[in-house]
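Biologist: I would like to learn how to read a helix and a chain contact from a model. Can we go through one case step by step?

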Amino acid sequence: MIGPVRRGLARVFDAAERGLDRLAGPALNPLAQLGALGFFLFWIVAVSGIYLFMLFDTGVENAHASVEWYTTRHAWHAGVMRSFHRYASDMMIVVMVLHFLREFARDRYRGARWFSWVTGVPVIWFLYMSGITGYWLVWDQLAQYIATTSTELLDWLPIFGEPIARNFLAPSSLSNRFFTLLVFLHIAIPLVLLFMLWIHIQRITRPRVNPPRTLAALTMLALLAVAIVKPALSQGAADLAKVPSPVGLDWFYLPLYPLADASPGALWGVLAAATVMLAAMPWLPPLRRMKPATVDLDHCNGCGRCVDDCPYDALQLVPRSDDLPHAVEAVVDADKCVSCGICTGSCPSSTPFRSAGPLDTGIDLPDLTFASMRERLHELVARGTSSPRLLMIGCWHGAAGARAEDILSLPCVAAAPPSLIDYALSRGLVDGVVIAGCPESACYNRLGVEWMQQRIAGERNPYLRSRVPRERILSVWASPAEGARLDREIDAFKVQLAALGEAPPQTIDTPVIVEETAS
Amino acid sequence: MSAPVSIPRLIGLFAVLAAVTTFAAAFSNAPAYRQIPADTGVIKFSFSHSADRGRECRRRTPEELAKLPPNMRRPLDCPRSRRGIFAELAIDDAVVFSQELPPSGFAKDGPSQIYRRFTVAAGPHTIAARLRDTSRTSGFDRELIETVSVRPGQSLALDFRPEHGGFIWR
């Protein structure tokens, strides 16, 4: 049941993301920056909220009047800020829902990724509580509806003494003290939300918490344009002697409030079931994954490249535990490792040129060793009959994922060290190498595409040696739905290779590469 | 470093972001929701009131008082717990609420509480509110029978305040 839903959703996201890739490029694709946009919108809400708080009167009598005053009399600054505050809050819900659905669609919530998923569940709760307490403060008819319905909802729980809803029984029953409490809540809950967001990103390295400046600027401009065209307004002062009906609801924050009117118990049931189900999803069913990476100390000099490259903070350097003359060694946190293999690709010991002894490397996947990669390369070369001869290094999660029979198929293209490409070409085993990874804006392993691009460009260790003819390498960053594009690019590449002729073997064989610097 | 994006593409991206923001703004206060039908009002029946004690207070004997520490020598020995309150609300002779409300608190020493909201058609209604908060087992100790005219969209609250004479409209 979950699988077909996930795959269907993945196709929808893929179509939307590739469209945005074509429009704005992978770096500015908003769907690839949902987490960063969420943080950015949080700061917009925080700054605009502080601004509005300076002009806000927290008393029952004057709360609505003060909001009206700055919305109408000072529309050009405070009114705009109010619209920023409202619409950026709504956008946070949009971004959060898209982020949640995208991670679900891409199956990036099971296995070692459970932590980010589970810690995202309270983020949902705190975001909703932040928004709902904010609406309350305006003390217009919507606020009155929210106040009465929220308190009736809370009163359904058998944990409060006197029903909280009695605070909104009649105009005379409301006190300034209650409003002071609400102001405190509307400040405290977003702070808890920020703390939860910080926890949410603890198990990934280099989390994107700031979108590219261009995207941030355009988001601000879009908010400004909508704030001017459709400013956020109140809905008339609250009057507890009247029922606020009809009332314009914020359907991002309050979609379930009509259910609360009908049956608070049913709503609590829905919320409890949804929370439990969301929190349990990483284990429904659990991800069958490969064994985590292991370190071979005999081949680890503690260089730290694997630590730098790991997208999941699963590696760290600790003092050496053996007698080798190095200060530190890498250790793997098996609970965080997703077995992407990027560490193997970054290890300077991962060189296929070695001929003596077993092809061990400093850090390896037990279920997909570096030695097996070289073995597979030789097997593919031996089987190959086409001309020009091609080696395709393909990611499981990209366009090449369905072609495992004829390619060197890896959990991430960055699991292949650049020396493997060098080996294939400089030994004259193939005429060209195709690297087929995920789309640039949607790398399944977050940083694999970026690291591979930088390695080929000579910008990141381990570099692809300068002697490797770049015209014999084709990089295709395509999603599973872009198989046709992959085929087209490969066909064009074959024509290019045919013009270049066979790759001549290098006359000088290469010894064991320990480290190489950019040329 | 990614390649610079052309102006038309930036405009296109802005259009996408503006469309999403417009979507957010559009649903931030619409469509309107109607909590109650147009020609109805609401009567809230709510009070927080402590019934009599669970049993009568007993006067301590001089011997009993002498055994107590000086600061605890109260002449009356009163139980902490309260009785429950039996409350009933009838609208136009139809009983819409009839329930025994237990005292709150672990020690059953808090007030009995109720908050209920009833949607009624606009127009005159005879409201009968009654409660029993003493040791009697039948009948009621407090009662209000009154005809009120409910306007469309009006919210009336019927509270119980002994210091104000019993049931009161707020």
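Biologist: Which exposed residues does the face of α16(A) turned away from its buried side carry?

Modeller: This is a predicted model. A residue counts as exposed if 12 or fewer other C-beta atoms lie within 10 Å of its own. On that face of α16(A), the exposed residues are Ala484(A), Arg488(A), Asp491(A), Ala492(A), Val495(A) and Ala499(A).

Biologist: Which residues of α16(A) are buried, and what do they pack against?

Modeller: Leu486(A), Phe493(A) and Leu497(A) are buried. Because they cover an arc of only 45° around the axis, they lie on the same side of α16(A). The buried residues of this helix pack against β8 (432-437) and β9 (473-477) of chain A.

Biologist: What span does α16(A) reach from its first C-alpha to its last, and which residue follows α16(A)?

Modeller: The helix, residues 483-500, has 18 residues and reaches 25 Å, close to the 26 Å expected at 1.5 Å a residue. Gly501(A) follows, with a positive phi near 85°.

Biologist: Now the chain contact. How many residues does each chain give?

Modeller: Chain B gives 38 residues and chain A gives 44 residues. On the side of chain B that touches chain A, α1(B) has the largest share, twelve residues. By class, that side of chain B has 17 nonpolar, 16 polar and five charged residues.

Biologist: Which strand of chain A is joined to β1(B) by bridges?

Modeller: Strand β1 (residues 247-248) of chain A is joined to β1(B) by two bridges, and the strands run antiparallel. Gly248(A) has Ala32(B) as its bridge partner in β1(B).

Notes. Residues numbered from 1 in each chain as written. Chains lettered and ligands numbered in written order. Predicted model: local features only at pLDDT ≥ 70, side-chain atom pairs only at ≥ 80, totals over all residues. Contact = placed C-beta atoms within 7 Å. Helix = DSSP H or I, 4+ residues; strand = E, 2+ residues; numbered from the N terminus. Nonpolar A, V, L, I, M, F, W, Y, C, P; charged D, E, K, R; others polar. Pairing = 2+ DSSP bridges. Expected span 1.5 Å × (residues − 1). Buried ≥ 20, exposed ≤ 12 C-beta atoms within 10 Å, placed from the backbone. Arc of directions from axis to C-beta.
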